[in-house]
Amino acid sequence: MPVETAHAQRVRERPVVRAEEADPAGGDPVWVGVVCSPPGWFERRVDGSHPALGLPPETRETLERRRRDLRMQGLCAEGAHNAAWEELDVDGHYRDHLSNAADDEVRGALDSLAASVAAGHVVLATDRRPGFRCHRSVLASVLDAGERAATGSD
């Protein structure tokens, strides 16, 4: 099933839907938050949340420090964020985080999300703005690779 990503603007534009009104069986996608500390507005606009699948705190803090340094050197907010992301290999650190079988919370959240993906259309939502690199695209590729492996297709 498809895994889609949505940035903060799309999440804000989504109407607040009460759980009893949602109809995933009717083709409506399930919106899943993958943010460690989601703001209140965000929580009201997603169907479920897996904070364990957000960036690990130490990676997030290191990224934020480097992003600030690059901003002080004159890069725009998006450029500083994306440059810090690449420089620190956040994709690689996040993949390591997801593959850490010793972390039951991460493993459980990943298994639960994989089951949701197998059952229907899932939108991975984040509080990031468009243009900023985000872990949700890495997570989507991991979920997609897992589904292909489970079905034996390429």
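How many helices and strands does the chain have? The chain has seven helices and four strands, where helices (H or I, at least four residues) and strands (E, at least two) are DSSP runs numbered from the N terminus. Along the sequence these elements follow the pattern β-α-β-α-β-α-α-α-α-β-α. The model is a predicted one, in which local features need pLDDT of at least 70 and side-chain atom pairs count only at pLDDT 80 or more, while totals for chains, interfaces and linings use all residues. Residues are numbered from 1 along each chain as its sequence is written, and side-chain values use heavy atoms, with hydrogens and water left out.

Some totals for the chain help to set the scene. Of its 154 residues, 34% count as buried; buried means under 20% relative accessible area, exposed over 50%, and partly exposed in between (1.4 Å probe, protein chains only). About 8,400 Å² of the chain is exposed, and carbon and sulfur atoms supply 49% of that area. These accessible areas come from the Shrake-Rupley method with a 1.4 Å probe, and for residues only the protein chains shown count as cover. Among contacts (heavy atoms within 4.5 Å) between residues at least 6 apart in sequence, 69% join residues at least 24 apart.

Strand E4 (residues 122–125) is a good place to begin a closer look, since both of its faces are covered. Val122 and Leu124 lie on one side and Val123 and Ala125 on the other, and all four are buried. In a regular strand the side chains alternate between the two faces of the sheet. E4 pairs with strand E1 (residues 3–6) in the parallel sense over four bridges, where pairing requires that DSSP finds at least two bridges between the strands. Within this pairing, Glu4 has Val123 of E4 as its bridge partner. Strand E2 (residues 30–33) is also joined to E4 by four bridges, and these two strands run parallel. Here the bridge partner of Val30 is Val122 in E4.

Turning to the helices, H4 (residues 77–87) has Ala80, His81, Asn82, Ala84 and Trp85 as its buried residues. Just after H4, Asp89 takes a positive phi of about 50 degrees.

The structure holds seven salt bridges, each defined as a side-chain nitrogen of Lys or Arg within 4 Å of a carboxyl oxygen of Asp or Glu. Side chains of opposite charge can pair when their charged atoms come close. One salt bridge is formed by Glu86 and Arg133, whose closest N and O atoms are 2.0 Å apart. This pair links distant parts of the chain, with Glu86 in helix H4 and Arg133 in the loop between E4 and helix H7 (135–151), 47 residues apart. Arg133 also forms a salt bridge with Asp91, at 2.8 Å between the closest N and O atoms. That pair too links distant parts of the chain, since Asp91 belongs to helix H5 (residues 90–98), 42 residues from Arg133. Arg133 is partly exposed, at a relative accessible area of 25%, and Asp91 counts as partly exposed at 22%.

A further salt bridge brings together the side chains of Arg107 and Asp111 (4.0 Å, N to O). Because they are four residues apart in helix H6 (residues 104–119), Arg107 and Asp111 are separated by about one helical turn. Arg107 is partly exposed at 27% relative accessibility, and Asp111 is partly exposed at 44%. Finally, a network of salt bridges links Glu64, Arg67 and Arg68.
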